Amino acid sequence: REPIHGIVGVLQQIRALLRGQPIGAHRAKIANREHIGDLLEWPPMAVDMKFILTGAKRVFDSRPMYAQVVVTDDCNLTCSYCDEYTPGAPIIPLETLKARIDQLDALGVLVYDFLGGETMMHPDIAELIRHTKSKRGGSNLATIITNGFLLTRKPISDLTESRLDFMQVSVDTLHPTAWSD
């Protein structure tokens with residue numbers, strides 16, 4: 001196996017892996033110079049070249065890369081093992097959350113993990129994701145953590161349109177009452 005030379009080589013390997021290609025798949029195209037542009041053109045996905053280069057820079061600067069943002073402490077379940085919720089907790093206003101995202105963006109945050117309670121109980125979660133993705137030209141990541149019980153076509157469609165990158169669904173039970181008090 002040939003060694004990878006330089007940052008371009010490393011990025012090409014990452015790109016190949018993200019596309020599901022075997023390591024070294026880009027080498028055949030390098031010989032044909034007309035495909036050089038193809039090597040640097042990333043498909044539309046959550047992680048783009050700007051994100052990778054900014055993230056690499058974070059190794060050397062002291063700016064934060066990751067933030068957890070609690071959107072509500074309320075939850076639609078009352079699981080006996082969970083201490084991450086307060087039943088009936090108020091929803092944090094959208095404008096307050098947007099101001100927090102603006103401040104985190106000013107600090108340089110690239111990855112936002114939205115959690116709660118139950119994130120899907122926030123009526124404006126899709127708008128908050130949309131606001132987050134408007135930062136840095138969308139070269140950031142937005143993830144939500146949910147128990148999945150409030151996911152229906154409409155919220156899923158709204159989250160898709162907001163450009164949500166990832167969704168973590170906690171599957172603790174198949175029936176909402178099995179772990180509830």
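**A note on the sheet and its core**

1. Let's start in the middle of the sheet: β2 and β3 pair in the parallel sense over four bridges. Two strands count as paired if DSSP finds at least two bridges between them. Helices (H or I, at least four residues) and strands (E, at least two) are DSSP runs, numbered from the N terminus.

2. Before going on, note that this is a predicted model, where local features need pLDDT of at least 70, side-chain atom pairs count only at pLDDT 80 or more, and totals for chains, interfaces and linings use all residues. Residues are numbered from 1 along each chain as its sequence is written, and side-chain values use heavy atoms, leaving out hydrogens and water.

3. Now step back to the whole sheet. It is open, with four strands in the order β1-β2-β3-β4 and parallel pairing. At the edges, β1 and β4 (166-169) each pair on one side only.

4. Next, find F114, whose bridge partner in β3 is I144. Contact means heavy atoms within 4.5 Å; beyond four places away in sequence, F114 touches residues including V69, I101, L128 and I145.

5. Where does F114 belong? In the largest nonpolar core, F114 is among the residues that touch the most other members, as are I125, L128, I129, I144 and L159. Such a core is a set of buried Ala, Val, Leu, Ile, Met, Phe, Trp, Tyr and Cys residues joined through side-chain atoms within 4.5 Å; buried means under 20% relative accessible area (1.4 Å probe, protein chains only).

How values were computed: Buried means under 20% relative accessible area, exposed over 50%, partly exposed in between (1.4 Å probe, protein chains only).
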